[in-house]
Amino acid sequence: MSHYFSNETDTIENRREISFRFLGHTYSLVSSEGVFSKDAFDKGTEILLSEVSKLDIKGDVGDLGSGIGVIGVVLNQIFDVNMLGVDVNPKAVKLANENYAQHHVRGKNIVSDGIEGNFDYIISNPPIRVGKEILYRLFDEAHAALKVEGAFVFVIRKSHGALSAQKKCISLFGNCELLNRSKGYHVYRAVKLDNLLNME
């Protein structure tokens, strides 16, 4: 069985629609075999978006590990944002761009194993199973790709190393606030400080 964080294009398509409600709005997205959370609205992503929806999100937003584009579709409904989703899975990226078009999302998704840019926010339900070395490399890239005072907001299960991930972000950003913990998931926000503060 292939893992969703893999560059694989030979799985059977088997397209289907998944529907879910969030904050009173009904969403319908195209999904298929071989992508993350192919049959449902992932619980971790739901908990992440519940916290993100309370923030003042605007400007350029990166979605690190975008899957079929759920985060971008929902954020576009709530906020005035321009999205860039990145995912290593070409099938997921293709579906994400279809879902962006269907929901008139400003932005796009690209195939990439990391993130580069100049973002106001990076939102992520990161691919935990890639292992700590790759995961923390993604955290490094998220920090580098944020504008000063931009924020990295992510969700991680406690059982998958939430406390270690928080420590990693504190070492990078100088801060990492726990926004919420629910049903075994922790949602964190780390804000990029200016260069002088980061060097202290």
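A disulfide is a pair of cysteine sulfur atoms within 2.5 Å. The model is predicted: local features need pLDDT of at least 70, side-chain atom pairs count only at pLDDT 80 or more, and totals for chains, interfaces and linings use all residues. Residues are numbered from 1 along each chain as its sequence is written, and side-chain values use heavy atoms, with hydrogens and water left out.

**Exercise 1. Cysteines**

Task: State how many disulfides the structure holds, and explain why Cys 169 is not bonded to Cys 176.

Solution.
- Start with the count: zero disulfides.
- Take the sulfur of Cys 169. The closest cysteine sulfur is in Cys 176, at 4.5 Å, which is too far for a bond.
- Now check burial. Buried means under 20% relative accessible area, exposed over 50%, and partly exposed in between (1.4 Å probe, protein chains only).
- Cys 169 has a relative accessible area of 0%, so it is buried. Cys 176 has 8% and is buried too.

**Exercise 2. The open sheet**

Task: Give the strand order of the open sheet and name its edge strands.

Solution.
- Fix the terms. Helices (H or I, at least four residues) and strands (E, at least two) are DSSP runs, numbered from the N terminus. Two strands pair if DSSP finds at least two bridges between them.
- Read the order: seven strands, 5-4-3-6-7-9-8, with mixed pairing.
- The edges are strand 5 (107–111) and strand 8 (177–182), each pairing on one side only.
- Neighbouring strands of this sheet are turned by 15° against each other on average, direction ignored. Axes here are lines fitted to C-alpha atoms, for helices over the stretch in contact, and angles run from 0 to 180 degrees between N-to-C directions.

**Exercise 3. Around strand 3**

Task: Find which residues stand opposite Val 61 in strand 6 and in strand 4.

Solution.
- Strand 3 (residues 59–64) runs parallel to strand 6 (residues 119–124), joined by four bridges. Tyr 121 of strand 6 stands opposite Val 61.
- Strand 3 also pairs with strand 4 in the parallel sense, over six bridges. There, Met 83 is the bridge partner of Val 61.
- Strand 4 is mostly covered, with six of its seven residues buried.
- Next, the helices. Helix 2 (residues 70–78) lies across strand 3, strand 4 (81–87) and strand 6, at about 175° to strand 4. Helix 3 (residues 90–102) lies across strand 4 and strand 5, at about 170° to strand 5.

**Exercise 4. The hairpin**

Task: Describe how strand 1 and strand 2 pair, and what the turn contains.

Solution.
- Strand 1 (residues 16–22) pairs with strand 2 in the antiparallel sense over seven bridges.
- Phe 22 has His 25 as its bridge partner in strand 2.
- Two residues separate the strands of this hairpin, and Leu 23 in the turn has a positive phi of about 50°.
- Five of the seven residues of strand 2 (residues 25–31) are buried, so the strand is mostly covered.

**Exercise 5. Two helices**

Task: Establish how enclosed helix 1 is, and where the buried residues of helix 4 sit around its axis.

Solution.
- Helix 1 (residues 43–52) has seven of its 10 residues buried, so it is largely enclosed by the rest of the structure. Among them are Ile 47, Leu 48 and Leu 49.
- Its cover includes strand 1, helix 2, strand 6, strand 7 (146–157), strand 8 and strand 9 (185–191). Contact means heavy atoms within 4.5 Å.
- In helix 4 the buried residues are Leu 135, Tyr 136, Leu 138, Phe 139, Ala 142 and His 143. They cover an arc of only 150° around the axis, which puts them on the same side of helix 4. The arc is that of the directions from the helix axis to the C-beta atoms.
- On the other side of helix 4, Glu 133 and Ala 144 are exposed.

**Exercise 6. Positive phi**

Task: Locate Glu 149 and Lys 183, and say whether each is buried or exposed.

Solution.
- Recall the background: most residues other than glycine have a negative phi.
- Glu 149 is in strand 7, with phi near 75°. Its relative accessible area is 68%, so Glu 149 is exposed.
- Lys 183 is in the loop between strand 8 and strand 9, with phi near 55°. Its relative accessible area is 62%, so Lys 183 is exposed.
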